[in-house]
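Me: I'd like a close look at just one part of this structure, please. Pick a helix and take me through the way it packs, then tell me a bit about what else is in there.

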Amino acid sequence: YHTMAKSRFEYVRQFETNEVLLPETYIVVRIDGKKFHEFSRTYEFQKPNDLRALKLMNASAKNVVMKYQHEVVCAFGESDEYSFILRKDTVLFKRRQNKLSSLFVSLFTANYVALWSKFFPDVALDYKNLPFFDSRCVCYPSLTTIKDYLSWRYVDTHINNLYNTVFWQLIVKCGLTPQESEQKLCGTLSSDKQEILFTKCGINYNNEPEIFKKGSLINKKGEILHIDVIKNIDALFEGF
Ligand code: ATP
Ligand code: ATP
Ligand code: MG
Ligand code: MG
Ligand code: MG
Ligand code: MG
Ligand code: MG
């Protein structure tokens, strides 16, 4: 047996604080890429949506979900972010905020780096421009608030994707400058944007790929789905 190292320096442990997250609440661990606007430029992501990058996010998140399969209800991802939703009775890492947030984000990042070459076979990851992510834990006290959380991210996906799709198409198809494109979209409603996209660029927004419009949902089995989160929310939380 190994004896516990005890020294006169041990007292410094008392300076450590530990936030234990409120029991019986859903925990969301949300990670987000640091300066991915820049990162996506460095690695020449296709605009507005690089499919390789989205698939890499999904594959990395799937490995996180599979590792903590019994604790995760589902995960939702879009752009450079992913939200992992933990069951409300989880006692993973004794619900310690520091542990949850740091272990989820480092496991995700390790996967993102390890899987990079599978999704970007002809683009070398440069050690001077490595991907890194921030992370936070948020507790949601009820099924209503956790469903609203997912709806919030889902609606955000739709709003951003519609805007970005029209913004880039006006540049690519109509030859507008980024400034002109921004001006044209200023103050427009969703319906106006769809109309501009159809009449000026010949694109029906409904025919855009589901992964762009709806984001990605990973269920506890590790299946990656591109579905209407809001419509499927009750089924997702059945039993949780
Ligand atoms: P921060 O460090 O504050 O998060 P950020 O530059 O990462 O800054 P976000 O609001 O997180 O800002 O936005 C992420 C950005 O990354 C998007 O606006 C987009 O430019 C880029 N991006 C992320 N995923 C993709 C993708 N699949 N294809 C193309 N661009 C992407
Ligand atoms: P926890 O997840 O709680 O941190 P742990 O197994 O990582 O558990 P630590 O107290 O962090 O426990 O100890 C790290 C262990 O990793 C060491 O006890 C040792 O067995 C091993 N280890 C770390 N670095 C080395 C190294 N350079 N060479 C050999 N073994 C190492
Ligand atoms: Mg951010
Ligand atoms: Mg970001
Ligand atoms: Mg983001
Ligand atoms: Mg340790
Ligand atoms: Mg350790």
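Reply: Before we talk about helices crossing, you need to know what an axis is here: it's a line fitted to the C-alpha atoms of a helix over the stretch in contact, and the angle between two axes, from 0 to 180 degrees, is taken between their N-to-C directions. Keep in mind, too, that this is a predicted model.

Let's pick helix α4, which covers residues 143-172. One of its partners is helix α5, residues 178-185. The two axes come within 9 Å and cross at roughly 135 degrees. Angles over 145 degrees count as roughly antiparallel and those from 65 to 115 as roughly perpendicular, with oblique for what falls in between. That's why α4 and α5 are called oblique to each other. Their crossing is right-handed. On the α4 side, the residues making the contact are Tyr 163, Val 166, Phe 167, Leu 170 and Ile 171. From α5 come Pro 178, Ser 181, Glu 182, Lys 184 and Leu 185. Sort them by class and you get seven nonpolar residues, one polar and two charged.

Now take another partner of α4: helix α8, residues 229-236. Here the axes come within 10 Å and cross at roughly 150 degrees. That puts α4 and α8 over the 145 mark, so they are roughly antiparallel. This crossing is right-handed as well. The α4 residues involved are Lys 147, Leu 150, Ser 151 and Tyr 154, and they meet Val 229, Ile 230 and Ile 233 of α8. This contact divides into five nonpolar residues, one polar and one charged.

So what else is in there? Along the chain the pattern reads β-α-α-β-β-α-β-α-α-α-α-β-β-α, which adds up to eight helices and six strands. A good place to stop among the strands is β3, residues 81-86, where six of six residues are buried. In a regular strand, side chains alternate between the two faces of the sheet. In β3, Glu 81, Ser 83 and Ile 85 point one way, while Tyr 82, Phe 84 and Leu 86 point the other.

β3 also has company. Strand β1, residues 26-33, pairs with β3 in the antiparallel sense over six bridges, and Arg 30 has Ser 83 as its bridge partner. Strand β2, residues 72-78, runs antiparallel to β3 too, again with six bridges. Find Ser 83 once more, this time as the bridge partner of Phe 76. Gly 77 stands opposite Tyr 82. Two residues sit between β2 and β3 in their hairpin, and there Ser 79 takes a positive phi near 50 degrees.

β2 is mostly covered, with seven of its seven residues buried. It pairs with strand β5, residues 216-219, in the antiparallel sense over four bridges, and Phe 76 stands opposite Leu 217 in β5. Phe 76 is therefore a handy residue to click on, because it has a bridge partner in β3 and a residue opposite it in β5.

Finally, zoom out. The C-alpha trace spans about 75 × 45 × 30 Å along its principal axes. Buried residues make up 27% of the 240 residues. Among contacts between residues at least 6 apart in sequence, 71% join residues at least 24 apart.

Note on methods: Residues are numbered from 1 along each chain as its sequence is written. Chains are lettered from A and ligands numbered from 1 in the order in which they are written. This is a predicted model: local features need pLDDT of at least 70, side-chain atom pairs count only at pLDDT 80 or more; totals for chains, interfaces and linings use all residues. A residue is buried if 20 or more other C-beta atoms lie within 10 Å of its own, exposed if 12 or fewer, and partly exposed in between; C-beta atoms are placed from the backbone. Angles under 35 degrees count as roughly parallel, over 145 as roughly antiparallel, 65 to 115 as roughly perpendicular and the rest as oblique. A crossing is left-handed if the near helix is turned anticlockwise from the far one by less than a right angle, and right-handed if clockwise. Two residues are in contact if their C-beta atoms, placed from the backbone, lie within 7 Å. Ala, Val, Leu, Ile, Met, Phe, Trp, Tyr, Cys and Pro count as nonpolar, Asp, Glu, Lys and Arg as charged, and the others, Gly among them, as polar.
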